[in-house]
Amino acid sequence: ELYAGVSLRKIVVSLRSNLLILWKCILMNKRVLIHSQKASSLSSFMIAILSLFPGELAFDFRGPGFKNQFDYWNQYGLPLDIWKEGDYNLYLYFGLDNLNEFEESIPFFLGTTNQLIMMHGKIAPAVRFNLDTEVFEVVDKSLSNTLKRTKAEKKFIEGIYKYVDKTFNVEEETWDNHEEKFDRTEFMGSDDWIRNEFHKYLTNLLSQVALCRRNMNSKEGVILDIDEENTRDLDDYEEEFGDDDDDLESNESGEARRSRLQSNGSIDSDGSGDMADQVTSANEGEEFEEQKTSAQYKKEVSAYVRKKKAERKTAREKLRVNRMLLHFFNPHFLNKWSQTPAFKDWIRNHEEKIANFSSLSGKTAEITVIYDNGDTYTGCHNNGHREGKGRYCSANNGSEYTGDWKDNQRHGYGVYECPEYRYLGDWKEGRMEGQGFMTLADGKHYKGGFR
């Protein structure tokens, strides 16, 4: 058990929305300082925070019980390589004797029991939190825009606080008492539930960023250019491509069309160009053949219209996805994070297919997904949901379903096989409903209606 003795519920109640700020600061490699007079409380707090990042406490452990979990994480490029010596240092306990070896230029996540270190000028944290007084402070005021929360982020962190607060016992749940009084996995607001919510938040962030980068054809560098491409309004795209599709099909004369196509670069002034059906002369030097050219102009204009419509549709779709990404996550935070060594490593390590797991991805071709319980799905998706034809295999009992899906549920016609029976027939919203044929393990069978 990686998380034994680690309490997140007390952290959520104490920090509330500041927990997301602290989490982001670590992701951005900012200098984070934690203080408590009790070393046990200090180390437990820091380990609990680390547990919010998938795989960060596993330390490359690959036991049988973790294989499914690591297969799931690996497709997302997780665990993130945050703690790289010389880039971002982790100090679970930092004393005065460590100051001699301390490098001011390297950011850190640092815990200390010494009050002098809290105020030492050499440390200069971006944020700090005192566990004993429960005071959280953003010291670096230049981070104000970067740490602002979007509506979606507020909804996420306040939702976690709401469920924890319902069952939180102030007297029993303290920094010194890390015993979980409830079933760790059976209720909303438990330690495991909080951890899973942050893990899902990060995998969602990674899939959204992967989709954004794919749309912008970005291989290196930052995710977004806030001041330019990704903040342009739809009107800017329409101005670039023309105000109306009908303008491209207006009843203009042949010469007017020729002039417009020349000005747009579709053909050159001498009649040549890179379009498939360009204006040509029967022989060089002969007079222009008006009748033949008229038909070719119609083909040119039609091809030009199709090309521009396709460009406009692509631009609008890119804008839709990227504006939605900005809606979910603070763009200043995304740009700061994209400059970290861990993010650059993530670019190389994640599988491109995770862009299809995004809720904004649209319809996708067949891909294979590995879930955290070891189950796999190979098939079509729509906005991150199983939809269309696909095959789902359970790692737990070996059952398989091959058939139609809609909104992550079996829906339509499909074949389900498990050790107890085999069913071929209709499904509705995840249930056997309609006409079907079932064969039991003992050979008995039934054909008819299911409900």
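Pro79 is placed in the loop that runs between α4 (67–75) and β2. The peptide bond that joins Leu78 and Pro79 is cis, with omega at about 0 degrees. Helices here are DSSP runs of H or I with at least four residues, strands are DSSP runs of E with at least two, and both are numbered from the N terminus.

The structure is a predicted model, in which local features need pLDDT of at least 70 and side-chain atom pairs count only at pLDDT 80 or more, while totals for chains, interfaces and linings use all residues. Residues are numbered from 1 along each chain as its sequence is written, and side-chain values use heavy atoms, with hydrogens and water left out.

**Overall composition**

The protein chain holds twelve helices and 13 strands. Of its 451 residues, 46% are buried; buried denotes a relative accessible area under 20%, exposed over 50%, and partly exposed in between, with a 1.4 Å probe and protein chains only. Among contacts in the protein chain with a separation of 6 or more, 55% are between residues 24 or more positions apart. Contact means heavy atoms within 4.5 Å.

**The five-stranded sheet**

An open sheet of mixed pairing is built from five strands in the order β2-β3-β1-β4-β5. Two strands are taken to pair if DSSP finds at least two bridges between them. The edge positions belong to β2 (89–91) and β5 (135–138); each has a single partner strand, so one side of each is left without a neighbour in the sheet. On average, neighbouring strands of this sheet are turned by 10 degrees against each other, direction ignored.

Strand β2 runs parallel to β3 (residues 108–112), and three bridges join the two. Asn89 belongs to β2 and stands opposite Phe108 in β3. With a relative accessible area of 15%, Asn89 is buried. Not counting residues up to four places away in sequence, Asn89 touches Trp83, Lys84, Ile106, Pro107, Phe108 and Phe109.

Helix α3 (residues 39–50) lies across β1 (32–35), β2, β3 and β4 (127–130), and runs at about 155 degrees to β3. Axes are lines fitted to C-alpha atoms, for helices over the stretch in contact, and angles run from 0 to 180 degrees between N-to-C directions.

**Helices α2 and α7**

Helix α7 (residues 191–215) comprises 25 residues and spans 36 Å from its first C-alpha to its last, close to the 36 Å expected at 1.5 Å a residue. The expected span of a helix is 1.5 Å times one less than its number of residues. Since 21 of the 25 residues of α7 are buried, the helix is largely enclosed by the rest of the structure.

Two packed helices are described by the angle between their axes and the distance between the axes. The axes of α2 (residues 18–27) and α7 come within 13 Å and cross at roughly 50 degrees. That angle makes α2 oblique to α7; under 35 degrees counts as roughly parallel, over 145 as roughly antiparallel, 65 to 115 as roughly perpendicular, and the rest as oblique. The crossing of α2 past α7 is right-handed, a term used if the near helix is turned clockwise from the far one by less than a right angle, whereas an anticlockwise turn is left-handed. On the α2 side, Leu19, Leu20, Trp23 and Leu27 meet Phe198, Tyr201, Leu202 and Leu205 of α7.

**Strands β9, β10 and β11**

Strand β9 (residues 400–406) runs antiparallel to β10 (residues 409–417), and six bridges join them. Lys406 has Gln409 in β10 as its bridge partner. Strand β10 is also joined by six bridges to β11 (residues 421–428), again in an antiparallel arrangement. Here Gly412 has Trp427 in β11 as its bridge partner. The hairpin from β10 to β11 passes through three residues.

**Residues with positive phi**

Three residues with positive phi are set out below.

| Residue | Phi | Location |
|---|---|---|
| Asn29 | near 60 degrees | loop between α2 and β1 |
| Glu134 | about 55 degrees | loop between β4 and β5 |
| Asp407 | near 50 degrees | hairpin of β9 and β10, with two residues between the strands |

Asn29 is buried, at a relative accessible area of 10%. Glu134, at 33% relative accessibility, counts as partly exposed.
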